[in-house]
Amino acid sequence: MEKIQHSHVEVRGLKLHVAEIGTEIWYSWRHQMIAVANAGYRAIAIDFRGYRLSDQPSEPEKANFNDLVDDVVALLDSLGISKVFLVGKDFGAVPAFLLAVVHPDRVSGVITLGIPFLIPSPDGVQFDLLPKGFYVLRWAEPGRAEADFGRFDVKTVVRNIYILFSGSELQVAGEDQEIMDLVDPSTPLPPWFTEDDLDVYATLYKKSGFRTALQVPYRCFQLDYGITNPKVTAPSLLIMGEKDYFMKFPGMEDYMKKGIVKQFMPNLDITFMPEGNHFVQEQLPEQVNELIITFLNKNSTI
């Protein structure tokens, strides 16, 4: 980890934290950054605006996915990089999809984990099909997650998120519950996530808080982003854990396993990891690293 270099790059009026080695949060990619750098690639991970060590936007409640896409393009320009492979996990994959759709000339390939191709829009995710009390719905309500999280210190909130979201079931609270109430305080951390890892995340979120992290993605996913031809033609790889709770989103298993997603990503390969959960890049780093490096070697020349 000492090989990873940290800096702040001014992008569109904000200083973004950039972690770089070789030629969603940077820390969640710690295993992959070192592995791909050792394979001869330049690895860059950023904290999005309002996340962790990057600056907060002046009006976090107005932030949306277009801001993240524009920030990445401006960062690439600042670093003198014309084309990249994009890697994203969970809702951090959404800016990768958007960038590949809107700026295909900047994208050599797309690798995503934990989420198939989704474009935010009024119809992107049918919220009415989600279970009542589901975390996505709860956190989309302004103020609700803030009140829920505010009952605990930041370290406890992060601990609860890792415990809750590493499971295979959807996170649905009852009418008399909030999402944080779904975690038994005596539940241990997953074996692949250490107390030291928890301390790092807690320190980073103490700096940024959750204000922007709740706005993007949960409170801006149903905006109209003006995408009329949602298709990614670049070579792509989707890595999904079979035990990822996202597999239980309504219609998602068929969307992936029946190949419907390839209508939007015709050059997509999908790998399902039998024991993988939603944090598969931290849970099974060596296997994920091999998949990523194999994809990079197949689709690029170093």
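Mentor: An angle between two axes is taken between their N-to-C directions and runs from 0 to 180 degrees. The model before us is predicted. In it, helix 11 (residues 285-299) lies across strand 4, strand 5, strand 6 and strand 7, and runs at about 170 degrees to strand 6.

Trainee: What makes about 170 degrees between helix 11 and strand 6 roughly parallel or roughly antiparallel?

Mentor: Angles over 145 degrees count as roughly antiparallel. Helix 11 stands at about 170 degrees to strand 6, so the two are roughly antiparallel. Helix 3 can be judged in the same way: it lies across strand 4 and strand 5 (107-113), at about 155 degrees to strand 5. That value is also over 145, so helix 3 and strand 5 are roughly antiparallel.

Trainee: Why do strand 4 and strand 7 stand at the edges of the sheet?

Mentor: The open sheet has 4 strands in the order 4-5-6-7, with parallel pairing. Strand 4 (84-89) and strand 7 (268-273) each have a single partner strand, so one side of each lacks a neighbour in the sheet. From one strand to the next, the twist averages 15 degrees.

Trainee: How do you know that strand 6 and strand 7 pair?

Mentor: Pairing requires at least two bridges. Strand 6 (residues 236-241) is joined to strand 7 by 6 bridges, so the two strands pair, and they run parallel. Within this region, Leu-238 stands opposite Ile-270 of strand 7.

Trainee: Why are helix 2 and helix 3 called roughly perpendicular?

Mentor: Helix 2 (residues 65-79) packs against helix 3 at an angle of about 70 degrees, and their axes are 9 Å apart. Since 65 to 115 degrees counts as roughly perpendicular, the two helices are therefore given that description. The crossing is right-handed. Phe-65, Leu-68, Val-69, Val-72 and Val-73 of helix 2 meet Val-94, Pro-95, Leu-98 and Leu-99 of helix 3.

Trainee: Which residues touch the most other members of the largest nonpolar core?

Mentor: They are Phe-65, Phe-117, Tyr-135 and Trp-139, in a core of 84 residues. Helix 3 (residues 93-102) supplies the largest share, 8 residues. Leaving aside residues up to four places away in sequence, Tyr-135 touches Phe-91, Phe-165, Gln-171, Ile-179, Tyr-218 and Tyr-245.

Trainee: Why does Asp-90 count as buried?

Mentor: Buried means under 20% relative accessible area. Asp-90 has 8% relative accessibility and therefore counts as buried. Asp-90 belongs to the loop between strand 4 and helix 3.

Trainee: What makes the phi of Asp-90 notable?

Mentor: Most residues other than glycine have a negative phi. Asp-90 is not a glycine, yet its phi is positive, at about 55 degrees.

Definitions and conventions:
Residues numbered from 1 in each chain as written. Predicted model: local features only at pLDDT ≥ 70, side-chain atom pairs only at ≥ 80, totals over all residues. Heavy atoms only, no water. Core = buried A, V, L, I, M, F, W, Y, C linked by side-chain atoms within 4.5 Å. Buried < 20%, exposed > 50% of the residue type's maximum accessible area, 1.4 Å probe, protein only. Contact = heavy atoms within 4.5 Å. Parallel < 35°, antiparallel > 145°, perpendicular 65-115°, else oblique. Left-handed = near helix turned anticlockwise from the far one by under 90°.
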